[in-house]
Amino acid sequence: MAEFDKPHIDITTRVIPRPYQASRQKMGGGAAPRIRAQHGARLQAEMRAAFVEADDDRLEDDRLDHTDGVFLEVALRRGTNPIDTLERKRDKIRPGAVSTTNDNEIRVALFVPDDARPVLENIIDEYINGDLNDRGAPPKRDKVEPIEAIRRARLETFWTDEPDALPQEAQDEIWWEVWCYAELADQVKDAAEAINCVVAESHYWLKFPESTVIPIRAIRVTIELLLFATAGISELRRASATPVFFIEADHADQTQWTENLAERVTWPAGDAPAVCLLDTGVNRAHILLEPAISTGDLLTVNADWGATDDTGHGTGMAGLALLGDLTPRLEDQSAINLQHRVESVKILPPDGFPANDPKSYGSITQSATSLAEINNAERKRVFCLAVTNDNVSGARATTWSSAIDQAAVGKMAGDEDGAPSRLFVVSAGNAPSEIDVNNILPADQLPIEDPSQAWNALSVGGYTNKTDIDDAGYIGWTAIADAGDLSPFTRTSVTWPQSRTAFKPDVVMEAGNRAISPAGTEALSLDSLALLTTGGNVDTQPLMPFAATSAASAQCARLATQLCATYPDFWPETIRALIVHSAEWTPKMLQEMDNAGGMTARQSFLRRYGHGVPDFSRAAASANNHLALIAQNSITPFKVEDGQKKFSDCHFYKLPWPKQLLEGIGDQDVRLKLTLSYFVEPNPGRFASIDAQRYQSFGLRFDLKRRLETEDDFIKRTNPKEREDPLGPGPKGGDNSGWKFGPNSVSAGSLHSDEWVGPAAALAARDLVCVKPVVGWWRQSAKNCRRTGRYALIATLSAPNMDIDLHTPIQVSVQNQVDVEIPF
């Protein structure tokens with residue numbers, strides 16, 4: 001978008017000829033015809049000039065595909081109704097932002113489709129040259145005479161906030177409230193992401209009958225590009241919502257807001273899936289919790305502790321697990337339909353009781369799991385654990401992490417053969433909240449804490465989009481982390497041994513930010529940089545700030561349970577795969593990846609940010625240009641043959657790519673994303689810390705047929721038994737470039753995800769995926785060698801920068817396809 005450096009007439013200084021002003025009501029006689037012609041001709045010339053300027057801008061900036069239309073700025077005289085004067089629904093001419101200038105003119109942003117330009121030309125021409133009616137008035141008088149001026153729209157045209165709040169410099173960066181036409185909100189989001197804007201998670205969007213408000217962080221010049229390229233934005237304001245406004249309010253106001261929100265919620269059924277919090281208990285007396293937490297669902301591992309919350313932590317977790325960050329929920333007036341509940345098992349003692357022995361947390365966690373299931377055996381649930389073993393690195397399996405892995409795969413004490421698997425969401429652990437800036441260590445030097453190294457758990461770290469500070473008394477303080485970067489509260493697994501430990505965290509979610517003093521010496525956790533949730537002390541503070549990886553894990557458990565409600569037939573392994581598959585890195589993270597170099601260097605990136613920020617809409621739905629194929633299957637990885645323990649099954653999936661379509665796209669890039677998720681039975685013996693194959697019962701890997709590889713060669717390469725010499729080298733397979741991380745970076749743990757990006761024509765021939773076993777301790781045991789495991793595989797083909805229909809040809813192919821299983 002070119003900056004506004006072209007000559008134009010400023011509407012705030014334009015003077016309408018006095019004779020015209022004096023004769024508005026009697027255009028039919030005297031000097032009126034001349035004045036009418038002058039006024040109409042001037043508007044006509046201004047409009048044509050504005051069209052030319054807008055067209056020139058579209059030619060100068062090709063970073064986005066511009067819409068087939070332009071915006072005008074129309075100045076109306078005071079008292080004019082913009083809708084009656086300017087809107088023409090049939091021609092899709094629509095007014096947007098409306099504001100008042102210092103001269104009391106009404107300023108309107110008017111979108112005009114390219115093919116509707118003649119409509120406006122005809123209206124003005126008819127006004128100038130048409131016959132007067134019986135009262136001496138020209139035709140289209142009500143459409144033309146209220147217009148004082150027409151010009152090409154500027155960013156200021158859309159600004160409806162205080163004038164002083166508008167950034168003045170092209171590189172000034174803020175959070176913008178981008179008010180979109182409701183039906184075009186996703187189009188605006190996609191365009192914003194394409195030009196590396198930071199787009200708030202959909203949970204933070206506000207939805208009104210005709211508008212959707214999306215918080216977007218960008219510099220002014222980028223917002224200008226987005227504004228004029230998409231035509232989906234009606235107005236702009238400065239985003240200013242933080243928890244401070246609600247937290248600093250008195251109890252009566254907080255109560256009124258929570259009651260208003262409670263009235264807008266459709267509460268879940270008693271048999272709905274639940275987030276089961278393993279924490280400090282929950283105070284269900286809160287109006288936003290009571291309808292979704294039954295008294296019978298408040299449990300404790302020690303009857304002497306009671307089941308209610310004594311610290312507020314569990315109650316804060318419950319609010320986020322049920323409703324997410326309350327700040328946007330209290331701002332809007334939209335209805336909320338909850339499809340999941342909350343359960344609580346208290347695993348931490350209240351004040352006055354001895355602390356738990358850290359060595360007992362494995363058995364405590366499994367006991368809490370059993371309590372919840374005995375209490376309601378039929379309910380689907382996701383377990384959420386935001387308790388970690390302080391300063392105990394997760395670089396090796398512990399009794400606690402192994403107990404979680406055991407419970408997840410359905411093999412803990414008391415589980416019968418064939419017991420269902422379980423999904424655990426575990427926080428990565430928090431960085432120390434140092435006040436002295438000199439004592440703050442980077443996240444890469446703070447290893448993720450026990451038990452979040454559990455292979456089968458969904459481990460959650462923290463990132464943040466919260467950068468605006470409006471706490472009283474902290475003028476000049478700035479956020480430590482930039483929007484889209486790691487939260488200062490989180491930890492990473494960068495220091496873990498690269499080849500022997502799972503890549504953790506799996507994903508990151510909003511964990512809040514911290515602030516640094518103007519002198520750069522002091523760091524604090526401020527309310528405005530936190531999330532807002534339900535307060536444990538309902539009588540004094542029903543709303544409270546909440547942050548760190550506890551907040552991140554509660555939100556991720558919410559997402560997982562929402563998916564369980566949406567897809568009741570999906571396994572826990574599949575829900576975990578969906579969440580990871582839906583994750584995307586922020587522009588800040590992607591910039592770091594681009595600077596990381598090759599695939600080996602990117603291993604540290606994966607141990608820092610995981611697979612990015614997950615999203616419910618991406619996990620739950622497939623658009624025409626972003627289609628997911630999901631398989632749930634069982635596999636027998638090993639067998640005994642002729643007295644020898646060998647590999648058994650290998651699964652092949654024919655990907656139903658529309659080959660002719662992809663070949664027609666040619667050299668334009670498309671993206672294939674593959675995610676494989678399964679749960680292992682742990683064996684945390686003495687060798688497990690140095691040999692991952694001694695810890696896992698079995699492992700799986702995926703492989704993709706290469707471009708110049710025949711199906712026969714692909715099968716021989718992945719399956720030694722298909723070769724003439726099983727012990728000899730298989731076919732090389734040819735070029736396998738294009739992967740973000742490569743096979744070495746997805747070889748640890750029980751969750752593997754990678755992306756291939758390359759020319760569409762090259763992908764057309766890569767249409768076969770193999771899921772094959774690798775060694776695990778089951779193979780060493782005759783008793784376990786014939787056992788079966790489960791897995792979920794997700795493949796996504798996307799063409800994000802092209803408007804093409806991939807869905808229809810793939811859907812037709814899927815209906816005529818059967819999965820292929822070939823003995824290994």
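Colleague: Let's start with α13: which of its residues are buried?
Modeller: In this predicted model, the buried residues of α13 are Tyr361, Gly362, Ile364, Thr365, Gln366, Ala368, Thr369 and Ala372.

Colleague: And what do those buried residues pack against?
Modeller: A mix of strands and a helix. The buried residues of α13 pack against the strands β11 (274-279), β12 (298-300), β14 (341-346), β15 and β16 (423-427), and also against the helix α14 (399-408).

Colleague: How many residues does α13 have, and how far does it reach?
Modeller: α13 has 15 residues and reaches 21 Å from its first C-alpha to its last. That is close to the 21 Å expected at 1.5 Å a residue.

Colleague: Okay, pockets next. What is the volume of the second largest one?
Modeller: The second largest pocket comes to about 570 Å³. It is lined by 27 residues, and the closest to its centre are Glu373, Ala377, Pro420, Ser421 and Arg422.

Colleague: Which helices and strands each supply at least two residues of that lining?
Modeller: α13 (361-375) is back again here, along with β15 (381-385) and α16 (572-582).

Colleague: How does the lining of that pocket divide into nonpolar, polar and charged?
Modeller: The lining of the second largest pocket has 15 nonpolar, 3 polar and 9 charged residues.

Colleague: Switching to cavities, how many are there of 30 Å³ or more?
Modeller: The count is 6 cavities of 30 Å³ or more. The largest cavity has a volume of about 390 Å³.

Colleague: Which residues lie nearest the centre of the largest cavity?
Modeller: Those are Tyr204, Pro215, Ala239, Ala241 and Lys466, out of 24 lining residues. The lining of the largest cavity divides into 11 nonpolar, 6 polar and 7 charged.

Colleague: Which element gives the most to that lining?
Modeller: α12 does, with 3 residues. β5 (173-181), β8 (211-219) and α12 (326-331) each supply at least two residues of the lining of the largest cavity.

Colleague: Last topic, the sheet with β21 in it. What's the strand order?
Modeller: The order is β18-β21-β22, in an open sheet of 3 strands with antiparallel pairing. β18 (478-479) and β22 (523-524) stand at the edges with a single partner strand each, so one side of each has no neighbour in the sheet.

Colleague: How many bridges join β21 to β22?
Modeller: 2 bridges join β21 (residues 515-516) to β22, and the two strands run antiparallel.

Colleague: And which residue in β22 stands opposite Ala515?
Modeller: Leu524 stands opposite Ala515.

Technical notes: Residues numbered from 1 in each chain as written. Predicted model: local features only at pLDDT ≥ 70, side-chain atom pairs only at ≥ 80, totals over all residues. Heavy atoms only, no water. 1 Å grid on protein atoms, 1.4 Å probe; cavity = no way out; pocket = protein on both sides within 12 Å on 5 of 7 lines; lining within 4 Å. Points joined across faces, edges and corners; volume = space filled by probe spheres on them. Helix = DSSP H or I, 4+ residues; strand = E, 2+ residues; numbered from the N terminus. Nonpolar A, V, L, I, M, F, W, Y, C, P; charged D, E, K, R; others polar. Pairing = 2+ DSSP bridges. Expected span 1.5 Å × (residues − 1). Buried < 20%, exposed > 50% of the residue type's maximum accessible area, 1.4 Å probe, protein only. Contact = heavy atoms within 4.5 Å.
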